[in-house]
Amino acid sequence: MESQSLNNAANLSPEASVSGKPKVLILDDETVLCTMLQDILEEYQFETRTAEDCETALEITREFKPTVALVDFRLANITGIEVAQQLKKIDEDLPVILMTAYPSLDLAVKAIQNDIYDFLSKPVDKAYLLR
């Protein structure tokens, strides 16, 4: 899968923040990773919200209207691809970037087949994330 930048993904969505900042939803069941990504993105003028489960992510998506979503692949009771499908029911144009510590060709193919915008390996590299 050709890698895209977070900035490009944020610019695809028609939703815009009142502040003009790109809005990022971060969904990962690891609180430390959510906080780390949030700190990095806010340092670079992204507006962020975090969720540790699917239901919270869906609620945030309805209210916050993110311009891009960073979603972990392996969550407690659901996959990131399944979450992406639910997010797309709320906002069909929302670019979803899948994060995983277990990248594989099979997963990349599934991601492409399910309209995943990009695919990031964990641990997420700051420079790679922001490019």
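This is a conversation about reading the fold, the strands, one helix and the cores of a predicted model.

Trainee: Where do I start? What pattern does the protein follow along the sequence?

Mentor: Start with the elements in order. Remember that we're looking at a predicted model. The protein has six helices and five strands, and read along the sequence they go α-β-α-β-α-β-α-β-α-β-α.

Trainee: And how much of the protein counts as buried?

Mentor: Buried here means under 20% relative accessible area. By that cut-off, 47% of the 131 residues are buried. The accessible surface comes to about 6800 Å², and carbon and sulfur atoms hold 48% of that. As for contacts between residues at least 6 apart in sequence, 67% of them join residues at least 24 apart.

Trainee: Now the strands. Which strands pair with E1, and in what sense?

Mentor: For pairing, look at the bridges between strands. E1 (23–27) pairs with E3 in the parallel sense over four bridges. Five bridges join E1 to E2, again in parallel. If you want landmarks, Val24 has Val68 as its bridge partner in E3, while Ile26 has Thr50 in E2.

Trainee: What about E3 and E4, how many bridges join them?

Mentor: Four, and those two strands run parallel. Find Asp72 in E3 and you'll see Met99 opposite, in E4.

Trainee: Why is E3 described as largely enclosed?

Mentor: Count its buried residues. Five of the five residues of E3 are buried, so the rest of the structure largely encloses this strand. Then check which way the side chains go: Val68, Leu70 and Asp72 point one way, Ala69 and Val71 the other, and all are buried. E1 reads likewise: five of its five residues are buried, so E1 is largely enclosed too. There, Lys23, Leu25 and Leu27 point one way and Val24 and Ile26 the other.

Trainee: On to helices. Why do the buried residues of H3 sit on the same side?

Mentor: An α-helix has 3.6 residues a turn, so residues three or four places apart point the same way. In H3 the buried residues are Cys54, Ala57, Leu58, Ile60, Thr61 and Phe64. They cover an arc of only 165° around the axis, which puts them on the same side of H3. That buried set packs against E1, E2 (47–51) and H4. On the face turned away from it you'll find the exposed residues Glu55 and Glu63.

Trainee: What happens at the ends of H3?

Mentor: At the N-terminal end, look for a capping side chain. Asp53 does that job, with a side-chain oxygen 3.2 Å from the backbone nitrogen of Glu55. At the other end, check the backbone angles: just after H3, Lys65 takes a positive phi of about 50°.

Trainee: Last one: which residues have the most contacts inside the largest nonpolar core?

Mentor: Val83, Leu87, Val96 and Leu98, in a core of 24 residues. E1, H3, E3, H4, E4 and H5 each give two or more residues to this core, and H3 gives the largest share, with five. To see how one member packs, click on Val96: among the residues it touches are Ala69, Val71, Ala84, Leu87 and Ile116. There's also a second, separate core of 18 residues, which includes Ile26, Leu41, Leu70 and Leu129.

Notes
Residues numbered from 1 in each chain as written. Predicted model: local features only at pLDDT ≥ 70, side-chain atom pairs only at ≥ 80, totals over all residues. Heavy atoms only, no water. Core = buried A, V, L, I, M, F, W, Y, C linked by side-chain atoms within 4.5 Å. Buried < 20%, exposed > 50% of the residue type's maximum accessible area, 1.4 Å probe, protein only. Contact = heavy atoms within 4.5 Å. Arc of directions from axis to C-beta. Polar contact = N/O pair within 3.5 Å; in protein donor to acceptor, adjacent residues only side chain to side chain. Areas by Shrake-Rupley, 256 points an atom, 1.4 Å probe, with all protein chains shown as cover. Pairing = 2+ DSSP bridges.
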